[in-house]
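This briefing addresses aromatic contacts, charges over rings, strand pairing and cysteines. Please consult the sequence and structure shown here alongside the points below.

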Amino acid sequence: MYAIIKEENGQYYTSTVFGCYNCKDHRNRYWIVLNKEKTALVKHYVFKPKSRFLELMLICTDSERNGWNDEKGEFSCVDFLPAAKISSMIDRKKVPTELLEQCIKTDSSYSFNEYPEIRSQKDIDDLYCAAGGFHDAYIQKLEDRGDSLYILFEGIWGCKLEVWFENDVSYDTADRYEEPQTFENDPYWYGGTVVIRDDYIYLIDDCDVSVNDIENGYCYFRARKMKYHIIPD
């Protein structure tokens, strides 16, 4: 796993995720990541502590968990860390040097791409993870540049999302981005579906829909290429 780590001062950095602890009280859930200096393991809370609202403090950009141990859904971590002990080790600042060095090495070997392109189902899954499945997203800006299209989505939990479509672009936003806004013409997406089909990439404004559903009045975008960029907020 890999994530954008948001700090309380509004800044952020990125880190490999080494463990996830799903406490019964969701406000106490945390992930194990490296600190900003990449010198120590830390417990970073999923939601901003002591906030009235659920402010997301982590954005997962790569959801791959190969080589993880899962302990009945309560917590899981990479297989080279002692899942039942690592949390207390971090609290006591007693993480063994060899384990910390392995974490730092794992993190340094990962190449974070700020502008990933959609080429496979894995790319789609990572986009869903980062963008929360497009739930509550809405189009803040749309710029048609001929053979390319730029879209800025807001409303996504924890971030804004920039998307670019290029080469043989077509789209229809009549139900989501046209004035006046009405109950039937609601700008907010319940969710989104990204599909690769016949060398085209589609983004459709609903969950679990197919390319064939576009003719039923969905907002959609289609092009040969699609890339995106996460902007934490």
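Rings of Phe, Tyr and Trp, the last represented by its six-membered ring, are taken as a pair if their centres lie within 6.5 Å. By this rule, the count is 15 aromatic pairs. One of them joins Tyr21 and Tyr30, which are stacked, with 5.0 Å from centre to centre and 5 degrees between the planes. The model under discussion is a predicted one.

**Aromatic residues**

- A pair of aromatic rings is described by two quantities, namely the distance of the centres and the angle of the planes.
- For the pair of Tyr21 and Tyr30, the angle of 5 degrees falls in the stacked class, because that class covers planes under 30 degrees apart.
- Tyr21 and Tyr30 are both buried.
- One aromatic cluster is formed by Tyr21, Tyr30, Tyr45 and Phe75.

**Charges over rings**

- Tyr30 also has a charged neighbour: Lys43 lies over the face of this ring, at 4.7 Å from the ring centre.
- The face of Tyr200 is covered by Arg224, at 3.9 Å from the ring centre.

**An open antiparallel sheet**

- An open sheet is formed by four strands, in the order β11-β14-β13-β12, with antiparallel pairing.
- Its edge strands are β11, spanning 170–172, and β12, spanning 193–197; each of these pairs on one side only.
- From one strand to the next, the twist averages 10 degrees.
- The edge strand β11 is joined by three bridges to β14, which comprises residues 220–223, and the two strands run antiparallel.
- Within β14, Tyr220 is the bridge partner of Asp172.

**Cysteines and the absence of disulfides**

- The structure contains zero disulfides.
- Why does Cys20 form no bond with Cys60? The sulfur of Cys60 is the closest cysteine sulfur to that of Cys20, but it lies 7.8 Å away, which is too far for a bond.
- Cys20 counts as buried because its relative accessibility is 2%, and the limit for this class is under 20%.
- For Cys129, the closest cysteine sulfur is likewise that of Cys60, at 3.1 Å. This separation is too far for a bond, because a disulfide requires sulfur atoms within 2.5 Å.
- Is Cys129 buried or exposed? With a relative accessibility of 32%, Cys129 counts as partly exposed, because that class lies between the limits of 20% and 50%.

Notes:
Residues numbered from 1 in each chain as written. Predicted model: local features only at pLDDT ≥ 70, side-chain atom pairs only at ≥ 80, totals over all residues. Heavy atoms only, no water. Phe/Tyr/Trp six-rings, centres within 6.5 Å; stacked < 30°, edge-to-face > 60°. Buried < 20%, exposed > 50% of the residue type's maximum accessible area, 1.4 Å probe, protein only. Lys NZ or Arg CZ within 6 Å of the ring centre and 35° of its normal. Pairing = 2+ DSSP bridges. Axes fitted to C-alpha atoms, helices over the stretch in contact; angles between N-to-C directions.
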